[in-house]
Amino acid sequence: MAQPEQFPYMLTDPALGEASLLPFMPITLESGGRRLELNALVDSGSAVNVLPHNVGLQLGAAWEQQTIAVRLTGNLANEPARALLVSATVGLFAPVRLAFAWTRSDAVPVILGQVNFFMEYDVHFYRSRGIFEVEPKTGRKV
Amino acid sequence: MSFAEVVSSLPQLSRTERIRLLQHLVTEIARAEGVGLVDGAAYPVWTPLGSTDAANALLQAIHKEEAR
């Protein structure tokens, strides 16, 4: 059984101190031979994974070639989005396929939400200690 | 473990691990200082809560790829 990977909450605004700590996690995304290392927000309140427009472009994705349109809510409701499947690696765990709602907006971080990040990984938040842990879902190889 | 020992062990860490260590130290310092909510500050909420149609579309895309 895989040991959970532990990550610290990230300080997103030094002026706000502890109030700005958010569960951002390093993740590697790969698509079409291109590879990106970035920090993504682990967001259990989000129904979907979200990919900002520029990150999709850096992965070599072409907007016109993504045929599945998806409709987002909240502050992304006014931006079109399309489904984009990429390979993702967390820590030393085996890569998984993640489906992202690729939005036209860049005013958003990479978000890891219920479909399908939380379907692939179990996450334990310890906000009082400033850490969270991620491990592959039970039964998946590492 | 002394500061010198900690520093001497850093080259053994990968780039990602060093970034995580940096984040951890910054977090620890912020928590120790205990700054609370600041009057008038902006706290962004990005969560696309309730995008169930989008969630279903993504699931279908995954299932379609798995079926191939």
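Visitor: How many salt bridges does a search of the whole structure find over all chains?

Guide: Seven, over all chains. Bear in mind that this is a predicted model. To read such a pair, look for a side-chain nitrogen of Lys or Arg within 4 Å of a carboxyl oxygen of Asp or Glu. Try B:Arg15 and A:Glu37: their closest N and O atoms are 3.2 Å apart, so the pair falls within the 4 Å limit.

Visitor: Where do the two partners of that pair sit?

Guide: They sit in separate chains, with B:Arg15 in helix 2 of chain B and A:Glu37 in strand 5 of chain A.

Visitor: And how many salt bridges are there between chain B and chain A?

Guide: The count is four. You can add six residue pairs in polar contact between the two chains, both residues being at pLDDT 80 or more. On chain B, helix 2 (15-33) and helix 3 (52-67) each supply at least two residues of the side that touches chain A. That side of chain B has 19 nonpolar, ten polar and six charged residues.

Visitor: How many residues of each chain are in contact?

Guide: Chain B brings 35 residues, and they touch 50 residues of chain A. The buried area between the chains comes to about 3,200 Å², and carbon and sulfur atoms give 64% of that.

Visitor: Now pockets. What is the volume of the largest pocket?

Guide: Here's the general idea: rolling a probe the size of a water molecule over the atoms shows where empty space is left. In this model, the largest pocket has a volume of about 430 Å³.

Visitor: Which residues lie nearest its centre?

Guide: Look for A:Pro26, A:Gly91, B:Thr16, B:Glu17 and B:Arg20, out of 19 lining residues. Elements giving two or more residues to the lining are strand 1 (5-8), strand 4 (24-31) and strand 5 (34-42) of chain A, plus helix 2 of chain B. Helix 2 of chain B has the largest share, five residues. Sorted by class, the lining has seven nonpolar, six polar and six charged residues.

Visitor: One last thing, about the backbone. Is the peptide bond from A:Val115 to A:Asn116 cis or trans?

Guide: Check omega, which is near -5 degrees here: the bond is cis. To find the spot, go to the loop between strand 10 (110-112) and helix 2 (117-120) of chain A, where A:Asn116 is found.

Definitions and conventions. Residues are numbered from 1 along each chain as its sequence is written. Chains are lettered from A and ligands numbered from 1 in the order in which they are written. This is a predicted model: local features need pLDDT of at least 70, side-chain atom pairs count only at pLDDT 80 or more; totals for chains, interfaces and linings use all residues. Side-chain values use heavy atoms; hydrogens and water are left out. Contact means heavy atoms within 4.5 Å. Buried area is the accessible area (1.4 Å probe) that two parts lose on being put together, summed over both. A polar contact is a pair of N or O atoms within 3.5 Å; within protein, one must be able to donate a hydrogen and the other to accept it, and residues adjacent in sequence count only if both atoms are side-chain atoms. Helices (H or I, at least four residues) and strands (E, at least two) are DSSP runs, numbered from the N terminus. Ala, Val, Leu, Ile, Met, Phe, Trp, Tyr, Cys and Pro count as nonpolar, Asp, Glu, Lys and Arg as charged, and the others, Gly among them, as polar. On a 1 Å grid over the protein atoms alone, a cavity is a set of points where a 1.4 Å probe fits but cannot get out, and a pocket is an open set with protein on both sides within 12 Å along at least five of seven lines; lining residues have an atom within 4 Å of a point. Grid points are joined across faces, edges and corners, and a volume is the space filled by probe spheres set on the points.
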